[in-house]
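Hi everyone, thanks for making time this morning. I'd like to walk you through one structure, so please have a look at it while I talk.

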Amino acid sequence: MMHEMDFVDEYYADKDLSLLKKLTLVIPTYNRNYYLSRCLWYHAHFPFGEIIVADSSPEEKKVVNRETVQKIREKFGANVRYLEYEPETEKYGGDIYRKWGDAVQHVETEYSQIVTDKEFVIPTTSVECIDYLNRYEDYVTAQGERKIAYLFTFNRCQIKTWGHSCSFDDDSVIDRLKKYNSNRTPDEILLNIHRAKKHKEYYQCYHDSKLNDFRFGEAQLELQPLLAGKAKYFTQMPGKMRDVTRVHNNNSESSSTRYISLSLYPPERKKNLVAILSNCFQNNLNTQSHTTDNPRNSDEILEIVLEIIKWWFCADIYPQKSNKDIFRKYPCLGKIWMAIPTKLQLYLSVMLANEIVLRKNNIFNRDNEIKIISKMINETKQMYKEDMKIC
């Protein structure tokens, strides 16, 4: 069934996006009819192999989402699969990644990617990533610039970049992890385009480890790809755009703010989770068959992994090794930061990013594909107040 041409179709009419048939998007959603409706409307314009919706909303929200999915199928002829899950109730959010993992197991294409319902991929960048992975088998994941953020505040729109990603091209697992560790910032590898077979293995490992923790689960899913192979980033190309307006306005239903702050984790729980992760990565290393590292180096690999995890999550109970770490140099700042609520941490991070990044890079403000997404968001930005759907 053909739909009427709109501004999205018009821009991409002369672009070859056929490689997208090799990619499945997995869109997790919870309790946000407007976000899912807007996300599906945008992505249904492109020839993805499949779009899988993983919905753990309450039943009254699921009713609306089912209707949206059906309308998207009818309007665009899109291949959308709708999966239902029980609402997320665990205190530490362990059921989130179990949901993501189950949805990933349903992927039937060669590549897969998790796209949250407030994100919009740049299809031409996805094509570049898939082409690269097709040509270089030693790379297991690829993505464009780590995070392009849309922010509407004070009646004006701003487009920002968050941080800077770099490729992990080293043949050695040790060297890839050392490079990651020296960056001292999570690169959101878990949200990249992955080889689907490997993607399923990462989430199966999470399930088998019984980690059952949202924040530490992120560490596991973030670092496992670097043990499996190389990671490519196209740093001059935007990978996707994320709408952070609600986060900035301190009105986010994001999983990063729904769950207990790391500063409130009991120290014994953190130590236990580090031990579970250690065992998980050790088992993972024992099964690696295509790494150029000598198996005797597994202890060193594990040491680097644990250093990353302890820096990332456990600054309050583990000493830091890096002199570059500001919390190591000024311990009082680290204690203050860990003591403040997560929402305040998030707000301060956004405010700092606003000041630093806005002056750093203007290239994305001129990008036509970014403008297309901005137009879509601007035309529907009032609808989220009543959680109205756009389809």
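Let me begin with a single residue: in which strand is Q143 found? The answer is β6, which covers residues 139-145. Before going further, please keep in mind that this is a predicted model.

Is Q143 buried or exposed? It counts as buried, because its relative accessibility is 3% and the cut-off for buried is under 20%. Setting aside the neighbours within four places in sequence, Q143 is in contact with Q113 and C129, then with L191, N192 and I193. Its other contacts in that list are K232, Y233, F234, G239 and K240.

Now a step back to the overall picture. The protein chain has 16 helices and eleven strands. Of its 391 residues, 57% are buried. If we take contacts between residues at least 6 apart in sequence, 80% of them join residues at least 24 apart.

Next, the cysteines. How many disulfides are there? The count is zero. Two cysteines I'd like to point out are C205 and C280. C205 is at 15% relative accessibility, so it counts as buried. C280 has a relative accessible area of 4%, which puts it in the buried class too.

On to the rings, for those of you who like aromatic geometry. The count comes to 18 aromatic pairs. One of them is formed by Y34 and Y35, with 5.7 Å centre to centre and 55° between the planes, and it is classed as tilted. Both partners are inside the buried cut-off: Y34 counts as buried because its relative accessibility is 1%, and Y35 counts as buried because its value is 3%. Elsewhere, ring pairs join Y11, Y12, Y42, F46, F48 and F120 into a cluster.

Rings also have charged partners here. What lies over the face of F7? That is K375, at 4.2 Å from the ring centre. In another case, the charged end of K75 sits over the ring of F76, 5.6 Å from the centre of that ring.

Let me turn to the backbone. As a reminder, most residues other than glycine have a negative phi. With that in mind, look at N31, where phi is positive, near 70°. N31 is in the loop between β1 (23-29) and α2 (33-43), and it counts as partly exposed because its relative accessibility is 30%. N212 also has a positive phi, near 50°. That residue is in the loop between α7 (196-209) and α8 (214-228). With 32% relative accessibility, N212 therefore counts as partly exposed.

Since α8 has come up, let me finish with its packing against α6. How do the axes of α6 and α8 cross? They come within 8 Å, and the crossing angle is roughly 145°, with α6 covering residues 173-183. On the α6 side, the contact is made by V173, R176, L177 and Y180. The α8 side brings in E222, L223, L226, L227 and A228. By class, these residues divide into seven nonpolar, no polar and two charged.

That's my tour. If you'd like one place to start on your own screens, try Q143 in β6, and then move on to the contact of α6 with α8. Thanks for listening, and I'm happy to take questions.

How values were computed:
Residues numbered from 1 in each chain as written. Predicted model: local features only at pLDDT ≥ 70, side-chain atom pairs only at ≥ 80, totals over all residues. Heavy atoms only, no water. Helix = DSSP H or I, 4+ residues; strand = E, 2+ residues; numbered from the N terminus. Buried < 20%, exposed > 50% of the residue type's maximum accessible area, 1.4 Å probe, protein only. Contact = heavy atoms within 4.5 Å. Disulfide = S-S within 2.5 Å. Phe/Tyr/Trp six-rings, centres within 6.5 Å; stacked < 30°, edge-to-face > 60°. Lys NZ or Arg CZ within 6 Å of the ring centre and 35° of its normal. Axes fitted to C-alpha atoms, helices over the stretch in contact; angles between N-to-C directions. Nonpolar A, V, L, I, M, F, W, Y, C, P; charged D, E, K, R; others polar.
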